[in-house]
Amino acid sequence: MKRGFTLIEMLVVLVILVILLGTVLPRVLRMPKRVQIETAHTRILSALRDCAMQAVASGRTVRVRLAPEGRSFLVTRSDLEEDVLSASKLPEDRNREPRDGSSLVLPNKPIYAIPKGVSWELDDWEMGDDEEQSPLFVFHPDGGASGPDLVFVVVKRRFLLHVDRLTGRPDIL
């Protein structure tokens, strides 16, 4: 009685392992890219949805501006259309409403970070260091919104960020 495996049996097992690795390995290698894309989508959408809800809940207009470097969204709430505070000008007491009607950076989350690996295609925007030149989304207390459609790239895939003007609902197409 012979103990062990024949060469044919070992080759069959090896072929089966190669076939399994050939089908599973590409899926495993794509998983980090898919997770990175889903993380970017979730973070961007949740930031804009949160701002839309804050506008309705507070009864005040909420503005979300893409920071000049493209790594974050800056959020402000104001009664005045043109007055927007940058994150570097945070008031000492963020829960205090200004008496002069100027902008107030929202107390709970004035800056939303954008995940690494997201790049914005802002060819139509002449963005320098001036944040007034950067794209702006405005969410109104009645649920409406305004803002541009923006293209962003994650893992070499292009996506369109669109905010519905009537419902204020952000979506990625």
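**Exercise 1. The loop between E8 and E9**

Find where Val 155 sits in this predicted model, and work out whether Val 155 and Lys 156 are buried, partly exposed or exposed.

*Solution.* Start with the position: Val 155 belongs to the loop that joins E8 to E9. Lys 156 is in the loop between E8 and E9 as well.

Next, check the backbone. Val 155 has a phi near 50 degrees, which is positive although the residue isn't a glycine. Lys 156 has a positive phi too, near 60 degrees, and is again a residue other than glycine.

Now for accessibility. Val 155 comes out at 24%, so it counts as partly exposed; the buried class stops under 20%. Lys 156 reaches 83%, so it goes down as exposed, the cut-off there being over 50%.

**Exercise 2. The largest pocket**

List what lines the largest pocket, and say which element gives the most to that lining.

*Solution.* Begin with the volume, about 160 Å³. Then collect the lining: Arg 30, Lys 33, Arg 34, Ile 37, Glu 38, His 41, Val 155, Arg 157 and Phe 159. Val 155 from the loop of Exercise 1 turns up here.

Sort these residues by element. Helix H1 (7–58) and strand E9 (157–163) are the ones that give two or more residues to the lining. H1 is the top contributor, with six residues.

Finally, sort by chemistry: five of the lining residues are charged, three are nonpolar and one is polar.

**Exercise 3. Ile 37 up close**

Decide whether Ile 37 is buried or exposed, and find which residues it touches beyond its neighbours in sequence.

*Solution.* Ile 37 is in helix H1 and is part of the pocket lining. Its relative accessibility is 9%, so it counts as buried.

For contacts, skip everything within four places in sequence. That leaves Val 154, Val 155, Arg 157 and Phe 159. Val 155, Arg 157 and Phe 159 are also on the list of lining residues.

One more check, this time on C-alpha atoms: Ile 37 and Pro 115 lie 78 residues apart along the chain, with 9.6 Å between them.

**Exercise 4. The nonpolar core**

Name the residues that touch the most other members of the largest nonpolar core, and trace which elements supply the core.

*Solution.* The core holds 29 residues, and the best-connected members are Val 64, Phe 73, Trp 120, Phe 137, Phe 139, Phe 152 and Leu 161.

Go through the elements next. At least two core residues each come from H1, strand E1 (61–66), strand E2 (72–78), strand E5 (118–121), strand E6 (136–139), strand E8 (150–154) and E9. H1 has the largest share, nine residues.

Take Trp 120 as a worked case. Setting aside residues within four places in sequence, its contacts are Ile 44, Leu 66, Gly 70, Phe 73, Ile 114, Leu 150, Val 151, Phe 152 and Leu 161. Among these, Phe 73, Phe 152 and Leu 161 are also on the list of best-connected core members.

**Exercise 5. Two arginines**

Classify Arg 77 and Arg 169 by accessibility.

*Solution.* Arg 77 is in strand E2. At 10% relative accessibility, this charged residue counts as buried. Its C-alpha is 9.2 Å from that of Gln 54, and the two are 23 residues apart in sequence.

Arg 169 is in the loop between E9 and strand E10 (170–172). A value of 46% makes Arg 169 partly exposed. Past its sequence neighbours within four places, Arg 169 contacts Arg 49, His 162, Val 163 and Asp 164. Leu 45 is 124 residues away in sequence, yet the C-alpha atoms of Arg 169 and Leu 45 are 9.0 Å apart.

**Exercise 6. The whole chain, and how far to trust it**

Give the order of the elements, then find the stretch where pLDDT is below 50.

*Solution.* Count first: one helix and ten strands. From the N terminus, the order is α-β-β-β-β-β-β-β-β-β-β. Of the 173 residues, 38% are buried. Among contacts with a separation of 6 or more, 56% join residues 24 or more positions apart.

Then look at confidence. Mean pLDDT is 79, and 75% of the residues reach 70 or more. The stretch to flag is 80–106, where pLDDT is below 50; in the model it makes 52 contacts beyond near neighbours in sequence.

Key:
Residues are numbered from 1 along each chain as its sequence is written. This is a predicted model: local features need pLDDT of at least 70, side-chain atom pairs count only at pLDDT 80 or more; totals for chains, interfaces and linings use all residues. Side-chain values use heavy atoms; hydrogens and water are left out. On a 1 Å grid over the protein atoms alone, a cavity is a set of points where a 1.4 Å probe fits but cannot get out, and a pocket is an open set with protein on both sides within 12 Å along at least five of seven lines; lining residues have an atom within 4 Å of a point. Grid points are joined across faces, edges and corners, and a volume is the space filled by probe spheres set on the points. Helices (H or I, at least four residues) and strands (E, at least two) are DSSP runs, numbered from the N terminus. Ala, Val, Leu, Ile, Met, Phe, Trp, Tyr, Cys and Pro count as nonpolar, Asp, Glu, Lys and Arg as charged, and the others, Gly among them, as polar. pLDDT is the predictor's confidence in each residue, from 0 to 100. Contact means heavy atoms within 4.5 Å. A nonpolar core is a set of buried Ala, Val, Leu, Ile, Met, Phe, Trp, Tyr and Cys residues joined through side-chain atoms within 4.5 Å. Buried means under 20% relative accessible area, exposed over 50%, partly exposed in between (1.4 Å probe, protein chains only).
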